[in-house]
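Let's take a walk through this structure together, one neighbourhood at a time. Keep the viewer open and turn the model as you read.

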2 protein chains.
Amino acid sequence: MSDLPRSVEIREEGPREGFQIEPGPIPTDRKVALIEALAATGLRQIQVCSFVSPKLVPGWADAEQVVAKIAPPAGVAFTALWFNAAGMNRALAFRDRLKLYGSIAFAASEAFQKKNLNRDRAGQIEAQRALTRTHLEAGIPVTRIGIQAAFGCNYSGDVAPAQIVQAVGDAMAIAEECGATITEVTLADTMGWATPIRIERGIAAVRERWPDATLALHLHDTRGLGIANAMAGLRLGVARFDTTVGGLGGCPFAGQPGAPGNICTEELVLLCEEMGIATGVDLDALMEAGHLAEEIIGRRLPSELLRSGPLDAFRRRAA
Amino acid sequence: MSDLPRSVEIREEGPREGFQIEPGPIPTDRKVALIEALAATGLRQIQVCSFVSPKLVPGWADAEQVVAKIAPPAGVAFTALWFNAAGMNRALAFRDRLKLYGSIAFAASEAFQKKNLNRDRAGQIEAQRALTRTHLEAGIPVTRIGIQAAFGCNYSGDVAPAQIVQAVGDAMAIAEECGATITEVTLADTMGWATPIRIERGIAAVRERWPDATLALHLHDTRGLGIANAMAGLRLGVARFDTTVGGLGGCPFAGQPGAPGNICTEELVLLCEEMGIATGVDLDALMEAGHLAEEIIGRRLPSELLRSGPLDAFRRRAA
């Protein structure tokens, strides 16, 4: 257990993931309320919206209105997601309150990329090279590599570690060519195919090739194995995770409507804190944010912890 | 990962755990239908009922009627739970169709034992010694030791590995004194306090004292960490688990009504099979049994996998 990190960085993506997929419409003020509740929990990074086509993602048609109403408290960074230059330009209007960074994104499964973006490997290289240049020209640092479908794919089945390495390699080549300094490689289990062993093999393959890379995991709990997969990452010293409060979200591109979303922020916080890994998060405040999220979307979220509550209340009562 | 077992024995407890806690009433025939569906999945052991006071557990007032209607298919053992001589005598009437065994039960938390049984350590030793003798005199082998609240307790807080060792020691002493041959020690996370590290420390402490003991885990998913805890057990070579289809159940003694129940049989089967650990279970048939359980109790169960489905269907479609 010696590789467990002493602290972890948990990036909350509940607002962005959740409001993009909930049927809605959800009033702008309620989105703002959830973001503000999350910003008061000790979480240091919150992805607050997507700048995407309102036709494709009507839930984020009000991205501008949401961001106009929020300002990050000291020590908290608000981030946003976009996929193209149009989205980037919308984000740029809020560079006073958003921490802007660009990602180089590849899927480890070419089938997934074709299905969702209609691009083969060469097409995606071309598109990501162009977008990276656009980011850098706009003064937005390109710091992350994101690999979707890193552990399996609903369209092509199993994904081998060599496919992850190829995707990371394609992204690294673009970064080098464009002069971007990559500080993180995120492996995403977009469709819930990971197991602890697949996590270990994927991480090992990337580290063998890029021993100094800082890895992050973006895990979905599609089949109930998400927290076990996070634990596998922790055991290998991974200290950055994307999560969503209550388990908000679900992958709109996976061809599985209704499938569960990301791993729950509060369950990962509990796992870490109970093992002595610092998260900086006030779990009671986070629970309140989780219940608020349920109130806003009008249904129960998958989180078990929201049903049962953390352990410290029992410890206090027992003492 | 070298200690992962090659195969595991997954004992289904959904009927017993689920029907004891669901508000009901659930018709006897529906209980029988679930048991029969589970018996056709490849699961080799199914706990079908509790012989307990119908006043305390009205959901099992029809235990006799259920057992009278079922017969285990070849290769499947039906088991039952009871806590005293009265329950044992009810079970004895069905020794033609139930695999009867006695357990020596202790809680690692004395507070839990006092709260639920009104017995201190000495009182529980006395009661378990008497029950063990009663079992043996009735010709029922006493083969298991079960330790409740092994990883923490809603009433007393954290539980140290030394408390597990003390509880197992008390049970072992009774077994020796009465001439019972113990074949398994089950550690139960009755109230969802376990983490992977607590699982490791608890198992290590028991194995240090009883190196040859065969361990089993009975895990609840109260706080979403259940499958990560199961993985911790697998990593240490634990190959016996109690689970419930869909996550049926919840602990009626934990003072937390509505808290989630056991880890889901189908999610543990998926975890194992996807890592190459044989379970003998047909996951598609088990999914059908899970959906039947939801139909019978009239609500969604906590299982994520019941929402999303196993991976093989995607593999077949991709091929």
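Start in chain A, with helix α9 (residues 226-235) and helix α10 (residues 265-274): their axes come within 11 Å and cross at roughly 45°. That angle makes α9(A) oblique to α10(A). If you look at the handedness, α9(A) passes α10(A) in a right-handed crossing. Keep in mind that you are looking at a predicted model. On the α9(A) side, the contact is made by A:I227, A:A230 and A:M231, and on the α10(A) side by A:E267, A:L268 and A:L271. Sort those residues by class and you get five nonpolar, no polar and one charged.

Now go to another pair in chain A, helix α1 (residues 14-21) and helix α2 (residues 28-39). Here the axes come within 10 Å and cross at roughly 155°, which means that α1(A) is roughly antiparallel to α2(A). The crossing of α1(A) past α2(A) is right-handed. Which residues make the contact? From α1(A) they are A:G14, A:P15 and A:F19, and from α2(A) they are A:K31, A:L34, A:I35 and A:L38. By class, this contact of α1(A) with α2(A) has five nonpolar residues, one polar and one charged.

Follow the chain out of α2 and you meet A:T41, in the loop between α2 and β2 (45-51) of chain A. Is A:T41 buried or exposed? A:T41 has 26 other C-beta atoms within 10 Å, so it counts as buried; the cut-off for that is 20 or more. Leaving out residues up to four places away in sequence, A:T41 touches A:V281, A:D282, A:A285, A:L286 and A:A289. For another spot to pick out, try A:V76: A:T41 and A:V76 are 35 residues apart in sequence, yet their C-alpha atoms are 10 Å apart in space.

Next, a backbone detail. Most residues other than glycine have a negative phi. A:A149, though, has a phi near 50°, a positive value in a residue that is not glycine. You'll find A:A149 in the loop between β5 (142-148) and α7 (161-178) of chain A, and it is buried, with 31 other C-beta atoms within 10 Å. Chain B has its own case: B:A149 has a positive phi of about 55° without being a glycine. B:A149 lies in the loop between β5 (142-148) and α7 (161-178) of chain B, and B:A149 is buried too, with 31 other C-beta atoms within 10 Å.

Now zoom out to both chains. A turn of 180° with a shift of 0.0 Å along the axis lays chain B on chain A with an RMSD of 0.0 Å. The two copies are therefore related as by a two-fold rotation axis. To find that axis from chain B, look for B:A228, whose C-alpha comes closest to it among the residues of that chain, at 2.0 Å.

How many residues does each chain bring to the contact? Chain B gives 40 residues and chain A gives 40 residues. On the side of chain B that touches chain A, the elements giving two or more residues are α8 (196-209), α9 (226-235), α10 (265-274), α12 (305-308) and α13 (312-318) of chain B. Of these, α10(B) gives the most, with four residues. By class, that side of chain B divides into 21 nonpolar, 12 polar and seven charged residues. Finally, 100% of the interface residues of chain B are also interface residues in chain A, so the copies meet through the same surface.

Conventions
Residues are numbered from 1 along each chain as its sequence is written. Chains are lettered from A and ligands numbered from 1 in the order in which they are written. This is a predicted model: local features need pLDDT of at least 70, side-chain atom pairs count only at pLDDT 80 or more; totals for chains, interfaces and linings use all residues. Copies are superposed by least squares on the C-alpha atoms of residues with pLDDT of at least 70 in both. Two residues are in contact if their C-beta atoms, placed from the backbone, lie within 7 Å. A residue is buried if 20 or more other C-beta atoms lie within 10 Å of its own, exposed if 12 or fewer, and partly exposed in between; C-beta atoms are placed from the backbone. Axes are lines fitted to C-alpha atoms, for helices over the stretch in contact, and angles run from 0 to 180 degrees between N-to-C directions. Angles under 35 degrees count as roughly parallel, over 145 as roughly antiparallel, 65 to 115 as roughly perpendicular and the rest as oblique. A crossing is left-handed if the near helix is turned anticlockwise from the far one by less than a right angle, and right-handed if clockwise. Ala, Val, Leu, Ile, Met, Phe, Trp, Tyr, Cys and Pro count as nonpolar, Asp, Glu, Lys and Arg as charged, and the others, Gly among them, as polar.
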